[in-house]
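Me: I'd like a close look at one part of this model, the place where the two chains meet. Could you walk me through it?

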Protein chains: 2
Amino acid sequence: MNDKLGSWERTHRCGDLTAEQIGEHVCVMGWAQRRRDHGGLIFIDLRDREGVIQLALDPDRDLASHQKAEQVRSEFVLAARGKVSPRPEGTVNPKMKTGEVEIEITELLILNRSETPPFMLDEFTEVAENIRLKYRYLDLRRPALQKNMLMRHLVAKTVRNYFDQQGFIEVETPVLTKSTPEGARDYLVPSRVNTGRFYALPQSPQLFKQLLMVSGFDRYFQIVKCFRDEDLRADRQPEFTQIDCEMSFINRGQVMDIMEGMVAKVFKAALGIDLTLPMPRLSYAEALDRFGVDNPDLRFGMELIDITEQVAGSQFKVFSSVAAEGGLVKALNVKEGATFSRKELDDLTDFTKIYGAKGMAWVKVTADGWQSPIAKFFTADELSALNEKMGAEVGDLLLFMADTPAIANEALGRLRGHLGQKLGLARKDDFQFTWVTDFPLLEWDDEQHRHLAVHHPFTAPLEEDIPLLDTDPTQARAQAYDLVLNGSEIGGGSIRIHDQSVQSRMFDLLGIGAEEAQEKFGFLLDALTFGAPPHGGIAFGLDRLMMILTGADSIRDVIAFPKTQKATCLLSDAPNEVDDKQLQELGIRLRTKQK
Amino acid sequence: MNDKLGSWERTHRCGDLTAEQIGEHVCVMGWAQRRRDHGGLIFIDLRDREGVIQLALDPDRDLASHQKAEQVRSEFVLAARGKVSPRPEGTVNPKMKTGEVEIEITELLILNRSETPPFMLDEFTEVAENIRLKYRYLDLRRPALQKNMLMRHLVAKTVRNYFDQQGFIEVETPVLTKSTPEGARDYLVPSRVNTGRFYALPQSPQLFKQLLMVSGFDRYFQIVKCFRDEDLRADRQPEFTQIDCEMSFINRGQVMDIMEGMVAKVFKAALGIDLTLPMPRLSYAEALDRFGVDNPDLRFGMELIDITEQVAGSQFKVFSSVAAEGGLVKALNVKEGATFSRKELDDLTDFTKIYGAKGMAWVKVTADGWQSPIAKFFTADELSALNEKMGAEVGDLLLFMADTPAIANEALGRLRGHLGQKLGLARKDDFQFTWVTDFPLLEWDDEQHRHLAVHHPFTAPLEEDIPLLDTDPTQARAQAYDLVLNGSEIGGGSIRIHDQSVQSRMFDLLGIGAEEAQEKFGFLLDALTFGAPPHGGIAFGLDRLMMILTGADSIRDVIAFPKTQKATCLLSDAPNEVDDKQLQELGIRLRTKQK
């Protein structure tokens, strides 16, 4: 039989005991991490959320406790009373916060026993992930995951306090809502009362937060679960958490200022780091020009260099013909990269092919000039101009890409990111932010023969670009902004359209007819006619932010009960089969049963 | 065309301006609530979240603003700059916070126009609820609903800060999870990737929070959406919000102490009220004896008086036969209730029939003794004993119920609550709490021929009642506790079973076989074998708590976007029909389509 807790009350958490408590009589409770028998004494490392404390059991002090301690095995649940004492000389453990002290136990309870766990909780043990997920409650006992969850709580708390101080109020929006058009695939929930109809789980509270602005709530935020039924990638989960905000009577500069303040509070609270504000702000065009991508990693330089002009007249047809056809020739200077092997250069070339590149040229800069298959195509003057433009020095590796602007930028931009990782330029403890603004509002979709919204259909164009909606819509820029951290987009938003006529024009451009618009977004369109204020907002992905803050390699390490890449929960076995009676009530049946 | 916000920045919210700001140049933004033209001047009441301020537009000060103001109608969105000034003598409005001042406008922007709203936002206007719900974004502009949402934010913030200070961490549990056995009807979500299988939306995070305790998180809380697919009553919604908590290494007294602290913080923050702690604690048996119900309203006395003993020997067979058969005869003394009309007494009798009562006897106490059809059955000694037992005085109304203990208690208990409302004894601004403890653990279900868990299958029995599980299970009391406020259960919880053998015994009693238990709760049973600590918790219904705090009559007045009693959203038209393509992907079809 287990001992009963009765009226015992814990006085301290294990990890909180230090030399300050020496002489105090304390009561601690937790899990036996390790037991050692030494010279007639028994030592137990007792662990709780805050840390580990050593219990010393001496049969001369209390025989009953010592006898109980003899039964203790890993992960037994104990309560212990005793006096905090300095550890005997030579046994102090300076690596532990509690390493100077131990508790001389006078009373011990075994509150529960434990089978031998399927894996050791030592944090360095490598365990197959499916086992970790099946026994998630044990995996979560490991200090690394405890720390992640504690930090997640701290971050959510910091975010909430900040927004509250800034006059935001948290409002809960519905989980059982309506299918979101223009988005990813929805999770559907059959309605029993309204048979044949379905709720959808929200991909974001977008429409509701805009309505809250129409309602005059002025500043809204919510830390909220959102849902997308997409095939999962490594850093995606079917349900994910957003820090969702919306503000009225503001322009985008004000939104960015306030959000920077939030991010700074989070980094200070979670990591003790003081961020430099304001954060850099890059236009989309500049981001593409300098970094090839709209989510640049600013932890290192190695910017893309446009040499189209320099090579337009060269004898190297691969470059000059691309330049003549309106393409781009761009280059990277990998400082001191001339040591790359042929194999490594081939791997880099293969990497760029993922992004559609047809090939990549390389040059090693030596004391004797360019060592490269393409060196012979350039005159001395051209080489000199290129070296100057690229800041080439002996020992550098130059990489060239000639292609359409889209492919040249993306392939070389991704290669830059890849090299930043490979060369160790992208350090996990370095945090470099940038806003990217002025995204295109619309892109033309050849397949559907209509425009698509780059952000979403409610994003406002730049005031000065509104006339372009009639003349050259894809040139219109959006009042949108993404916050990029270390090459990951951690948040994105926009100023919304508050003018009903502009919103209708947008739906036209998106090929959404008046009737369809009314059916899908009617309540928003109606709302815009009843005094909608200028407003805008943003949403941050909390899971990805937590990955960056904790340095976790997997999104599953920052979520208490995550799902696999097949969207299953190995712990609870969800999703599972249900009784046909339940389906009958919902008015649905399985298609497979029809065969 | 609307004016553009440009770089205008708001300096104050409308409701924040008082005589303190006189002389300051300010910028405010909001909605035109009312416009008056008076003596060549135009006055506009501008409203935002914080209140209303009067704008004064004088053509001699700025003609352009005055001309714009002439176009302004209700709910137009304005921005205005000007100087805060005292209102002219005789126009001060002492009822308004801002009533001493107005803004002498020097610049006005019309940021957006408004159609005539379908209803006036004046808070005293009675509007049909279906119209309010369809135009929810307008309804939410009304000060009463703004106040409710602001208070809801304040309450959530207060709860979070309190729990954080008490060492709780907020952990998010899954929304896409597994069907909860033993509960209400689940909402199901078909899985596309795992065709033929379904997630369920959580009715509560019960199992996950227990697992978090097994994981050593020690103290968990979450403000979390839960879901039940039940036919809706007036105060129910398909999705509702719980304040959910769980703690390790505690007994139930400690849980109640900590939760009282939370409730006290909430009442202080929301209403400025200092609650008296500790709160009363009643056993279930005492609650039934004194109040007839397990959720007694303690705002007034009028306790149930057990007169079974006094009437057991009387000539009134209706009473004495019930007493002889083990039933109860109980009474209420309605002080000064002798003025009730015959019609009123008949209505009260009808009320008790809802709860299964077969009849009710009444007595008016007059200076001449009992005025009642039953007076003649009692001797003078019996009358005297009854009067003494009931504290009867001239002018009182005595009501009697004789029935099985269950019916006598419930019918008279509900009648007591009903009379408390009717007689105005239950004041909305009076807040009386009580804990109710020692609930039965199990009840026998004649239909299913098995025991049912009164709370849920994980509730621990009182230590001293564990032997009763083998001898007389329905006599075993649970380590459960409900917090009752003004006759409503606002929270309920229990100490959980942490011993795997006790949990198995419970499943036996509930008629859940080993295999079924393993299939449904296997992960919890497994978790109990790997070192589960003693633990317990509670969940509060935030929506109902908000109803009480705000004095709202409907749960829909404390939820931003509520659903109707048919579980529909009149604003977004959810749930709605979906494309057959979506159903195909999910591997389901509608049954109705099969006809």
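Reply: Happy to; here is a tour of the interface, from its overall extent down to single residue pairs.

Please keep in mind that this is a predicted model. On the broad scale, 130 residues of chain A are in contact with 130 residues of chain B. Putting the two chains together buries about 11500 Å², and carbon and sulfur atoms give 56% of that area. On the chain A side, the residues that lose the most area to chain B are Phe249(A), Phe530(A) and Arg591(A), which together account for 8% of what that side buries.

Now for the polar side of the story. The count of salt bridges between chain A and chain B is 20. One of the pairs to look up in your viewer is Glu585(A) with Arg185(B), whose side chains meet in a salt bridge at 3.1 Å, N to O. Polar contacts across the interface of chain A and chain B come to 77 residue pairs, with both residues at pLDDT 80 or more.

Which element of chain A gives the most to the side that touches chain B? That is helix H4 of chain A, residues 143-165, with nine residues. Sorted by character, the residues of chain A on this side are 59 nonpolar, 33 polar and 38 charged.

The backbone takes part as well, through strand pairing. Strand E23 of chain A (residues 588-590) is joined by three bridges to strand E23 of chain B (residues 588-590), and the two run antiparallel. Within that pairing, Ile588(A) has Leu590(B) in E23(B) as its bridge partner.

Methods:
Residues are numbered from 1 along each chain as its sequence is written. Chains are lettered from A and ligands numbered from 1 in the order in which they are written. This is a predicted model: local features need pLDDT of at least 70, side-chain atom pairs count only at pLDDT 80 or more; totals for chains, interfaces and linings use all residues. Side-chain values use heavy atoms; hydrogens and water are left out. Contact means heavy atoms within 4.5 Å. Buried area is the accessible area (1.4 Å probe) that two parts lose on being put together, summed over both. A salt bridge is a side-chain nitrogen of Lys or Arg within 4 Å of a carboxyl oxygen of Asp or Glu. A polar contact is a pair of N or O atoms within 3.5 Å; within protein, one must be able to donate a hydrogen and the other to accept it, and residues adjacent in sequence count only if both atoms are side-chain atoms. Helices (H or I, at least four residues) and strands (E, at least two) are DSSP runs, numbered from the N terminus. Ala, Val, Leu, Ile, Met, Phe, Trp, Tyr, Cys and Pro count as nonpolar, Asp, Glu, Lys and Arg as charged, and the others, Gly among them, as polar. Two strands pair if DSSP finds at least two bridges between them.
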